[in-house]
Amino acid sequence: MTRNAIYSILTLAVLLLSIVPVGTAVFLLGFVAGDSPCVMCWEQRTGMVLVALTGLFVLRYGPRPKYLGLSVLLGAWGIFMGIRHTGMHAARDVGQGFSLEILGAHTYTWALFIFWVCTVTMGVLLMMLKEGETLARPRTLRAIERLAFVVFLVVVAGNIVQAFASTGPPPYMGQSDPVRFSFSSKNWVWSLEEWSPAPVSLRGRWAIEKPGVSNLSADPAAGPLASLPELPIREQRTLTLPLRGSITDLAYEQVTNRFLVTTQSGVYITDGSLGRIAKYTVVDPGYSIDLGQFAGATFLERKIVMAVGENKSYVVLRENDKADADKNFRFFLDSFDKFDEVSRSRLGTVRARMMYTMSLAFDPATKSIYTVTVPNARVKRLVVSRFDRRDLTLSEEFMPALGEESGLRLAGDKRSLDEYYVTGATIDGGRLYAISAAFSTLLTIDLVTHTVVAAHAIPGLSRPVGLTIKGDDLYIVGDSGVLAVVARPDASAHPATTAAAPGTGK
Amino acid sequence: MEFLNFVLILIAGYLVFQKPEKERLAFRLLVLSVLLMVGLFSMATRTGLLPGVNY
């Protein structure tokens with residue numbers, strides 16, 4: 001390809017970049033439609049203008065390495081800006097976004113695409129260059145190249161007008177939520193909001209600490225509910241099961257009189273006394289979907305168990321004493337012939353989003369699976385999420401309130417149920433029992449009225465991570481393997497449901 | 001600040017177009033404009049410098 005042909009392609013690229021995204025944005029969207037860029041849109045638009053300007057440098061001075069290098073850097077930075085901006089809205093529902101939509105995509109997503117096209121174009125042009133193309137003196141511009149300069153300068157002049165009206169002179173700068181463009185100065189809003197102090201962070205709201213029970217206050221008296229009745233620990237012992245890792249949850253199946261115990265990646269089925277392991281496997285948490293560390297477990301239907309990671313990713317396993325060990329190599333790290341993997345996916349939440357969970361419970365009466373959130377430094381909400389067993393999709397979420405007839409009251413105006421740190425849950429008789437490692441408190445939540453109908457302090461608990469019902473007792477296990485048994489606070493109120501339970505609940 | 005940046009860009013573009021002998025000054029203005037853009041974007045996104053997606 002001749003040198004002039006390459007310059008012609010570059011000239012067209014500069015014209016296209018100046019007219020289509022930037023010119024359209026300022027003259028049509030801005031001056032005609034009244035659109036005003038947000039602060040990030042301004043910088044993305046500036047980035048496109050600067051890419052065009054480096055193209056003009058090449059047209060005038062030839063392909064000097066510093067111009068080519070800078071154009072590649074600008075393209076890469078523009079792609080980063082596009083991802084950063086698009087990422088803010090990427091997880092919204094269909095059609096939702098920020099400001100204007102063009103051809104089915106919002107403007108910031110077009111910026112990502114345009115910078116990508118720019119970078120690809122620069123790569124192609126670089127490949128077309130021959131050795132020794134650099135020039136000793138400036139080129140004499142052809143007519144079309146002069147036109148590119150004129151168009152560029154007109155477009156930049158338009159941006160100067162819009163930037164002055166929308167953002168103002170220095171030190172004023174672009175805004176997160178700009179008002180629409182106007183030629184009338186009485187409608188101009190100049191802001192210094194971006195100069196106000198704000199914490200610097202790499203991941204922003206996605207920087208959420210992993211859950212854990214080691215730094216929680218176990219004192220029930222320090223909890224958000226005042227004057228709670230106590231449930232005494234009737235029996236306490238340390239489990240001596242040979243587990244790989246520490247215990248993370250506990251479930252009980254009445255029909256077969258067996259317990260289900262999980263560790264970080266292990267799934268163990270034990271006898272009814274928690275003294276002997278009947279079968280186990282260790283799930284590979286990194287195969288395909290990242291399961292994190294198991295935080296909850298439950299029996300589902302006959303011979304089907306489910307374990308959920310703190311990140312609400314789950315695995316469903318089927319007991320099979322004749323499982324094909326070779327086939328299961330991909331799923332498990334140990335004991336390949338006792339279970340088959342049925343499914344592995346993620347529980348999606350709305351209110352519970354951006355919060356981890358440390359509990360899992362199954363209600364056989366409604367064929368529903370429940371999780372409860374644990375608060376973190378950024379999001380503090382106690383959210384109960386219900387998932388339909390058939391498709392494991394979110395069916396209901398609620399934030400429990402104090403039941404009016406419960407007699408419970410908060411210890412102060414600023415106290416909240418959101419302070420509880422639920423690490424184990426189980427269901428019986430339409431009630432969800434949740435043990436909070438913070439303040440060693442057992443909450444009883446009515447799943448119909450969505451209220452906390454009772455709460456009990458259990459002094460002496462040691463970092464509880466699992467909870468289940470066996471008969472009239474609650475079994476609470478700590479991460480160090482200490483098992484505490486307490487009487488169900490309302491066992492007499494639900495004798496029928498306990499006796500009639502189909503035995504597959506947790 | 002965006003207004004200032006576009007003024008810098010306009011001057012740089014004009015120099016390259018009409019005063020090509022001022023190449024060094026034009027390039028300095030270009031670099032200054034790039035740094036200003038990077039600085040303003042970083043300032044606007046300092047509460048979450050990396051793209052806000054699930055890590």
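**View 1. Strands E15 and E16 of chain A pair side by side in this predicted model.** Here strand E15 (residues 384-388) of chain A meets E16(A) in the antiparallel sense, and the pairing runs over five bridges. To find your way along the pair, start at Val384(A), which stands opposite Phe398(A) in E16(A).

**View 2. The four-stranded open sheet of chain A comes into frame.** Stepping back from the E15 and E16 pair, we see the order E13-E14-E15-E16 (chain A), with antiparallel pairing. Which strands form the edges? They are strand E13 (361-363) and strand E16 (393-398) of chain A, each of which pairs on one side only. From one strand to the next, the twist averages 30°.

**View 3. Strands E6 and E7 of chain A run antiparallel.** Strand E6 (residues 266-270) of chain A is joined to strand E7 (residues 277-283) of chain A by five bridges. A handy landmark is Val267(A), whose bridge partner in E7(A) is Thr281(A). As a reminder for reading this view, strands of a sheet pair through backbone hydrogen bonds, either parallel or antiparallel.

**View 4. Five strands of chain A make up another open sheet.** Following the sheet across, you will meet the strands in the order E4-E5-E6-E7-E11 (chain A), with antiparallel pairing. Why is one side of strand E4 (249-253) and of strand E11 (332-334) of chain A left without a neighbour in the sheet? Both stand at the edges and each has a single partner strand, so there is no neighbour in the sheet on one side of each. The twist in this sheet averages 25° from one strand to the next.

**View 5. Chain A touches chain B.** In this close-up, 48 residues of chain A are in contact with 36 residues of chain B. On the side of chain A that touches chain B, helix H2 (39-61), helix H3 (65-87) and helix H5 (143-166) of chain A each supply at least two residues. H2(A) gives the most, with 13 residues. What is the make-up of this side of chain A by class? It has 33 nonpolar, nine polar and six charged residues.

**View 6. Chain A is divided into two parts, domain 1 and domain 2.** Domain 1 of chain A covers 3-184, while domain 2 of chain A covers 220-500. Taken over C-alpha atoms, the centres of domain 1 of chain A and domain 2 of chain A are separated by 53 Å.

Methods: Residues numbered from 1 in each chain as written. Chains lettered and ligands numbered in written order. Predicted model: local features only at pLDDT ≥ 70, side-chain atom pairs only at ≥ 80, totals over all residues. Contact = placed C-beta atoms within 7 Å. Nonpolar A, V, L, I, M, F, W, Y, C, P; charged D, E, K, R; others polar. Domains from an automatic or database assignment. Pairing = 2+ DSSP bridges. Axes fitted to C-alpha atoms, helices over the stretch in contact; angles between N-to-C directions.
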